Amino acid sequence: MSPMGPDEVVPDALTGERLDRVVALVWECSRAEAARLIDRQKVEVNGTPAASRSQRLVVGDQIRLSEAPAMGQPPPGPDPEVELNVVHADEWVIVVSKPADLVVHPGSGHAAGTMVNGLLARFPEIAGVGEPERPGIVHRLDRGTSGLLMVARTQRSYEALTAALGRREVHRGYVALVSGMPADDRGVIDAPVGRSTRHPIKMAVTADGRPARTHYQVTARMPAPTEPTEESVLFDTARLELQLETGRTHQIRVHLAAIGHPVLGDDLYGGSDAPGINRPLLHAHTLGFAHPDSGEQLRFQVDPPEDFSRLYRLLCG
């Protein structure tokens with residue numbers, strides 16, 4: 001078989017599960033689609049085509065697909081009810097400021113009401129751009145992350161922008177509030193990121209992960225108050241500005257957790273609870289790239305949303 005992507009390693013949490021269920025879970029497809037791939041010998045377990053969809057897996061087993069699974073759902077449709085903050089739009093590219101808690105495109109558990117559905121209502125021509133299940137989408141933000149995203153409006157711009165990302169020519173700047181205060185004012189976290197072997201929905205720093213680099217700079221240090229008031233927040237924290245060289249899933253969140261300073265509010269990666277906040281306090285505040293047609297350098301910036309700013313003011317005392 002011609003392999004599709006790196007092996008996925010079965011974590012302890014999925015030991016004893018059927019192969020078809022694990023394929024459906026990891027690749028976010030239906031059980032029927034997972035069974036179809038197994039029956040057509042498009043799934044390898046430890047380098048050998050799987051013979052049975054009911055095969056039970058053990059921790060450390062390596063699974064590889066040679067064919068991308070079908071999503072098993074129709075392409076997303078327009079939804080004018082989804083509100084969008086469009087920062088820039090021309091014939092080639094759209095820049096959106098995504099609010100926290102808005103999913104970027106349909107997927108497992110989110111069939112509608114996504115940013116893509118809202119984009120299709122306003123810019124229907126993107127339906128034929130890029131990948132059918134996420135038309136126009138060049139890069140993504142996690143559901144809880146707010147901030148700037150670029151969206152291709154034509155296939156030519158899609159190809160140009162994805163190529164620029166691959167060449168690391170797109171500036172993506174973030175700001176975060178983190179638990180604790182890093183020892184150094186600036187640094188680079190250079191550590192490969194892959195799927196966690198302990199938790200199927202988490203990513204982690206792993207020896208066999210994909211290369212990942214995150215630059216950070218501490219822009220404010222906020223120690224816990226020595227004389228707490230009724231409104232004070234009782235932990236040390238810092239405000240960081242970050243820049244991505246690569247764009248792995250959950251990269252910033254994984255990297256900051258790995259150096260002992262997880263993002264505030266990030267329950268998945270061990271961040272401290274933040275008063276009144278139910279999401280990681282991470283915001284994509286700057287975005288810069290060459291226009292896919294003219295080559296003009298474009299740069300955009302949006303301030304963090306009110307929940308982020310309110311907590312920052314509270315921490316500053």
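How many bridges join β7 to β14, and do the two run parallel or antiparallel? Keep that question in mind as you select. The model on screen is a predicted one.

**Stop 1: strand β7**

Select residues 146–152, which form strand β7. Seven of its seven residues are buried, so hide the surface to see them. Now add β14, residues 282–290. Two bridges join β7 to β14, and the pair runs parallel. That settles the opening question. For a point of contact, pick G147: this residue stands opposite A284 in β14.

Next, add strand β6, residues 93–98. Here six bridges make the link to β7, and the two strands run antiparallel. Click I94, then V151 in β7; these two stand opposite each other. β7 therefore has a parallel partner in β14 and an antiparallel partner in β6.

**Stop 2: the aromatic pair**

Stay with β14 and select F289. Then select F300, in strand β15 (residues 297–301). The structure holds one aromatic pair, and its rings belong to F289 and F300. The ring centres are 6.2 Å apart. The planes meet at 35 degrees, so the pair counts as tilted. Planes have to be under 30 degrees apart to count as stacked. The two residues are 11 apart along the chain, and the pair links distant parts of it. Are these rings buried or exposed? Both F289 and F300 are buried.

**Stop 3: a charge over a ring**

Select R239 and Y312 together. The charged end of R239 sits over the ring of Y312. From there to the ring centre is 5.7 Å.

**Stop 4: helix α1**

Move to residues 19–26, helix α1. Six of its eight residues are buried, so the rest of the structure largely encloses this helix. Colour the buried ones: L19, D20, V22, V23, A24 and V26. An α-helix has 3.6 residues a turn, so residues three or four places apart point the same way. Step just past the end of α1 to E28, where phi is positive, at about 55 degrees.

**Stop 5: the cavity beside α1 residues**

Keep V22 and V26 selected, and add E8, V9, V10, P11 and I63. Together these residues line the largest cavity. How many cavities of 30 Å³ or more are there? The count is one. About 30 Å³ of space lies in the largest cavity. Two elements, β1 (4–9) and α1, each supply at least two residues of its lining. Colour the lining by class: six residues are nonpolar, none is polar and one is charged. The charged residue is E8, because Glu falls in the charged class.

**Stop 6: two loops with positive phi**

Most residues other than glycine have a negative phi, and most peptide bonds are trans. Two loop residues are worth a click here.

Start with D101, in the loop between β6 and α3 (115–122). D101 is not a glycine, yet its phi is positive, at about 80 degrees. Its relative accessibility is 52%, so D101 counts as exposed; the cut-off is over 50%.

Finish at R168, in the loop between α4 (155–166) and β8 (171–179). The phi of R168 is also positive, near 60 degrees, and this residue is not a glycine either. R168 has 45% relative accessibility, so it counts as partly exposed.

Terms used
Residues are numbered from 1 along each chain as its sequence is written. This is a predicted model: local features need pLDDT of at least 70, side-chain atom pairs count only at pLDDT 80 or more; totals for chains, interfaces and linings use all residues. Side-chain values use heavy atoms; hydrogens and water are left out. On a 1 Å grid over the protein atoms alone, a cavity is a set of points where a 1.4 Å probe fits but cannot get out, and a pocket is an open set with protein on both sides within 12 Å along at least five of seven lines; lining residues have an atom within 4 Å of a point. Grid points are joined across faces, edges and corners, and a volume is the space filled by probe spheres set on the points. Helices (H or I, at least four residues) and strands (E, at least two) are DSSP runs, numbered from the N terminus. Rings of Phe, Tyr and Trp (its six-membered ring) pair if their centres lie within 6.5 Å; planes under 30 degrees apart count as stacked, over 60 as edge-to-face and the rest as tilted. Buried means under 20% relative accessible area, exposed over 50%, partly exposed in between (1.4 Å probe, protein chains only). A charge sits over a ring if NZ of Lys or CZ of Arg is within 6 Å of the ring centre and within 35 degrees of the ring normal.
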